Every structure is written in structure tokens, then in C-alpha cells.
Amino acid sequence: MIPSIHNQGRNTARLLAYLYGPGRREEHTDPHLVASFDGLAPDPGRDPNVTLADLAQLLDEPLYLLAEDTRPDHHVWHASVRAAPGDRTLTDAEWADIARRVIAATGIDPGDGAGCRWAAVRHADDHIHLIATLVREDGRRPDHHRSAKRAQTECRKVEVDYGLHRVAAGDGTAAKRPTSAEGHKADRRGQQRTSREELREAVRRSVAGAASEEEFFDRLAAAGLLIRRRIAPSGDILGYTVALPGDRNAKGEPVFYSGSKLAPDLSLPRIRERWASASDDTTQQPARPSATGPATARRRATTTAWQALLVIDQGDDGMIAAQIAATGEVLDALAKTSAAHTRHELRAAATAFERASRSHVRATRGHDHALRQAARDLVHGGPALGRGEDGATTAMAIDMLFFLITAAAHWHAKKQHAQQAEAAHRAAEHLRAAYQAAAEQPMVLLNHRGRHLAPSWQRHHATAVRQALPELADRILAEPGWPALAATLAEAQSAGHNPTTLLAQAAARRELGTAERMSDVLVWRLRRMADLPADPDNAQGQRARGKHAVTSPKQAAQTRTRLANRSPRRR
């Protein structure tokens, strides 16, 4: 149940004309009263002998009993209450009860016998509108201070009483929801999302990893958006608006949205804050991106996400907020450059996490540089293939981002940011689905190799797991992914690493017990830490990292000793 308090107005009849009219997009159907201050108000939608002027005059009577110079300029109070998507269709009687509860909770008519006059109009299945005159029957003004917060609180109770979807409490940092008119327009055009939502996602992807205004606006143009810049007399850019080429109003003109109307952090001043840590001069040319391909960019993003995870575990609130906001850019960049079989879920994860990227905790800029550079590397690394090293490093990055986003959800929950925590959990579920698609091929290959290891190798690596992770060993060894972990341990040992030490280091950096598949988590941690190719069939990568042919645990120990006696290499 989602209440919205709209701006106060001057003309009761004009608002009633809109509520009882066809709507801006012919979306209003069967407008009628479901409740009123005395239960007896005439209904222009049901009684042909009643006019809108009759209802307006009735509501405004207390106003005209005041001396003209004491009447409030903006006396029309307007709110709407909308059912959450997926809720059942409520009856008129149920909406009437909800209207009375919200009106009382906001202070418009608290039930003392002298409240404001009000009416509840329904012209759609999923919401009602409340209209009231802000003069009580006793001539005083109503106490409707913080009416939005009070309406939210009452709606949480309504959800429980009516068995409706429990909407997480908001904090005023959410992006503006599409209006009902925008929703109806999208339905008529056969679109799954409104123009506002399409533009929000397009702008988010354009800003992900961008290093300057010039690059940002170039990306908006490349995305096919119509752009208007708001220019000051001095020539400075003050803001921008964007539109979809096919979205037109009744006059055939493009429907433009400012960045701030898409999301609070997409206004130009807020976007500039992302670049301020690198330079106070927002006209500075962007640094040349590192020469990199999709696989290398994903490896770097994995390492950067790991470092951000440590900040969320140990940093202060401002640093954590900065990491979480920049994580949204990494998700957008990963979704933008992902292969077809992971793209849908990654886009859904990025869209869900958008709500989690903002809160009232002020981000400390500068601490997010590494993640924003990771997003930039992903964009400039280009589109990834769905197989080979590109596909396997995508699985590696998703695995680490899942932990990062889960940590963000826990932080939000601890701070009582209910909507943000819920959004982060939704994003994590989409990442889980994306991971399963990305990891399927490399894990099948690794599991195949692990099952064909010599029995002595299998026993050797099982012993390493029991020594490094005694409390978790039985669970790991029983998982379907254990052969893949055994194969990874064999590769790491071939490269000169001690499996027991590597396992202990991987587990010490972050707990594993809450992971759904501990063996999968360890596979990607070990392959990153040991600098192994993510794709087990990446023979070129194996040669580049120095693959050693090892046929027994004894030979492996000899290899490690030989490597240890060499001069250390710089990695």
C-alpha cells in the first residue's frame, strides 16, 4: 500500500474535474466516490443530477465561512493511495475503510467531530484519490504536519489487516515511481516499462564508469536518447533533460525528463560529485582507459569488489555508502557488456540494486575510485563472449559481487534502511541466477577433470581441505562441486602453491558457512588468488602462468621446493 501526498492546490473544482474526467491518457474508468467526511456527500459519478460544482461547494463551505483575508491561499489537500503490484483488487467498501484510516492518521479528519471535509474518489482498480479542504468545521487549520510519514505508518498497518504485500518503509531517497498515466501509456503502446523507467536505466548505464561530462553526454547520444542541456548565461551547463525518440505528447512533442526526476542521484550536480574526487575541474578530459579485454576487466572487477567487501566490513558509514553507490556502477557496466545468456538477470540485478545505492548516509567521495575505475574498465573492455575466459571470468566476478551485495544488504538492515536492504536482497537473487548461467560451462569442465584425477590426488586434496577447514570439510567434500575444487587445487599445486595454505587464506578472508555452495566460492577465490585462468580450457593462459606437469603429491612437493628456492617474481 503506497500513499503519496501531492502538492496543495487552490481550486477544488479543478482537481475534481481531473479526478472525474477521462484522465490525461484516457486511463480513468468509472470515477465515483467510495467515502466522504459524512458518508452522505453527493456523487457526480453516480447521480446524474449532481455536478462537480455541487461537490466542490460542499467541500469548500468551511473555507467561505472565514473572512476573506484569513483564508489560506492553498487550501486543497490531495493524496493518493495505491495498492502494491500483485495485490488483489480491493472492493469499494475496503477502499472506503482505507480512506477513512489514512484521513484520520494524517490529521485531516482525526475523528473529533470537527475535522476537515474530504472525499475519496476511485477511478481505477488499484488506487484512490483523497481530496480535502484545509479548514476544519471549527474554522481552525488541521494539524497535518508530516502527513506523508503518518500515512506511510498507517498503510503499514493496513497491509497487515488486509493481508496485502508488505511494502518496506521508505526514507525519501527512492526514485520517483511512474505515474498511473505513464503506466497506461506504456500499456497502450505494448511496452513492459514506462518511458521514465527506460530512461532511468539508460542514463544509469551511460554514467557507469564515465570520467567526464563530455563522455557522459556522448554516451547518452550513443544510446539514442534526445538530449537538452540547460545553459546558464555564462555558458556553464546547469542540467540536462532526456527523452525517448518515440515518446511524444498529444502535441507530437518529445516528453523530456530531467535527471533529478529519474532518480535523485542522476541530476547533473550529483553526477559531478562522482568525478570530483579525481579533479575539481569537471571539464577535464578523461584519463585514457587501460588497455584491456573483457576477461582482464572482469578479473580486475573481482579483485576490486573483494577490496570493497573489506571496506564494508571495516570502514565507517561514509566510506561504506560510497562503496555501495559505486557498486551500482559496476553492476550497470557488467550488465551492459554481458553475453546474452546472463544479460537479462544481470540487468535485473542492476535495476533492483539501484534502490539500494542511495540512503541518507552521505557517501565520502574518493573512497569509491577503485570501483568506478572497475566499471570504466568493464565498459572499455568491450562485450564479453559467453564462453571461454570471458564467460568464466564473468562467473568469477558475479560470485564476488554476490558477496559484496549481500554485505551491502546486511549493512542497510543494520541501519534500518528497509527498502534498500530488500532491494539488495532482490539484486542478490538475480545475481544467483546469472551466476548459474555463467558458471555452468566452466564448472562442468572442472568437475569432469576433478572426477578423473588419480585417486592419490583426490585423497591428497581431501586431506588438504580437512586440514585447512576442519569444521566445514565434510560439507565441502559432499557438495556436487567438490570435484571442481579438487581440480583447482591440483592446478594451484602444479603452479607451486601449497593447497592447504591457499585454502586457509581463502577461508580466512571471509567466512564461508553462509555460502550456498562453498566449493564454488572456493574455486573462484583460489583461481583468482593463484592467478589461474578462470576457464579450465584456456591453455594459452595456463602456459602464460607457467603450468607444471605434476603426476603425484610427492612431485608437487618437489616442485614447490624448487620454486621457493628461486628469486621471487614480482606479480
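**Exposed loop residues, two sheets and a network of salt bridges**

Arg146 counts as exposed, its relative accessibility being 52%. In this predicted model, Arg146 is placed in the loop that runs between strand E5 (127-136) and helix H4 (147-162), and its phi is positive, at about 55°, although Arg146 is not a glycine. A positive phi is also found at Asp30, again a residue other than glycine, where the value is near 50°. Asp30 belongs to the loop between helix H1 (12-20) and strand E2 (32-36), and with a relative accessible area of 45% this residue is partly exposed, since the term exposed is kept for values over 50%.

The confidence of the prediction was considered next. The mean pLDDT of the protein is 88, and 90% of its residues reach 70 or more. Among the elements of the protein, the highest mean pLDDT, 97, belongs to helix H3 (residues 92-106), whereas the lowest, 44, belongs to helix H21 (residues 539-544). The pLDDT is below 50 over residues 543-552, a stretch that nevertheless has 17 contacts in the model beyond near neighbours in sequence. Residues 566-571 likewise have a pLDDT below 50, and for this stretch 2 contacts are found beyond near neighbours in sequence.

Strands E5 and E2, which border the two loops described above, take part in an open sheet of 5 strands with antiparallel pairing, in which the order is E1-E3-E5-E4-E2. Strand E1 (2-5) and E2 form the edges of this sheet, each of them pairing on one side only, and from one strand to the next the twist averages 25°. Within the sheet, strand E4 (residues 116-122) is paired with E5 in the antiparallel sense through 5 bridges, and Cys116 is found opposite Arg136 of E5. Helix H3 packs on the sheet, where H3 touches E2, strand E3 (76-82), E4 and E5, and the direction of this helix makes about 50° with that of E2.

The position of Cys116 in this pairing leads to the question of the cysteines. The structure holds 0 disulfides. For Cys116, the closest cysteine sulfur is that of Cys155, at 19 Å, and no bond is formed because this separation is too far, a disulfide requiring sulfur atoms within 2.5 Å. Cys116 itself is buried, with a relative accessibility of 1%. Cys155 is also in no disulfide, the nearest cysteine sulfur being that of Cys116, 19 Å away, and at 0% relative accessibility Cys155 counts as buried.

A further open sheet, this one of 3 strands, is arranged in the order E6-E7-E8 with antiparallel pairing; its edge strands are strand E6 (226-231) and strand E8 (257-258), each of which pairs on one side only. E6 and strand E7 (residues 237-243) run antiparallel and are joined by 6 bridges, with Gly239 in E7 as the bridge partner of Arg230. Helix H7 (residues 213-222) lies across E6 and E7 and runs at about 15° to E7.

Across the whole structure, 40 salt bridges were found. In one of them, the side chains of Arg270 and Glu273 meet with their closest N and O atoms 3.8 Å apart; because these two residues are 3 positions apart in helix H9 (residues 268-276), about one helical turn separates them. Both ends of this pair are partly exposed, Arg270 at 27% relative accessibility and Glu273 with a relative accessible area of 22%. The salt bridge between Arg140 and Asp138, with an N to O distance of 3.1 Å, likewise joins partly exposed residues, the relative accessible area being 48% for Arg140 and 37% for Asp138. The pair formed by Asp520 and Arg517, with an N to O distance of 3.8 Å, combines two classes of accessibility: Arg517 is partly exposed at 39%, whereas Asp520 is buried, with a relative accessible area of 6%. Through shared partners, salt bridges also join Asp112, Arg136, Asp138 and Arg140 into one network; Arg136, a member of this network, is the residue of E5 that stands opposite Cys116.

Note on methods
Residues are numbered from 1 along each chain as its sequence is written. This is a predicted model: local features need pLDDT of at least 70, side-chain atom pairs count only at pLDDT 80 or more; totals for chains, interfaces and linings use all residues. Side-chain values use heavy atoms; hydrogens and water are left out. pLDDT is the predictor's confidence in each residue, from 0 to 100. Helices (H or I, at least four residues) and strands (E, at least two) are DSSP runs, numbered from the N terminus. Contact means heavy atoms within 4.5 Å. Buried means under 20% relative accessible area, exposed over 50%, partly exposed in between (1.4 Å probe, protein chains only). Two strands pair if DSSP finds at least two bridges between them. Axes are lines fitted to C-alpha atoms, for helices over the stretch in contact, and angles run from 0 to 180 degrees between N-to-C directions. A salt bridge is a side-chain nitrogen of Lys or Arg within 4 Å of a carboxyl oxygen of Asp or Glu.
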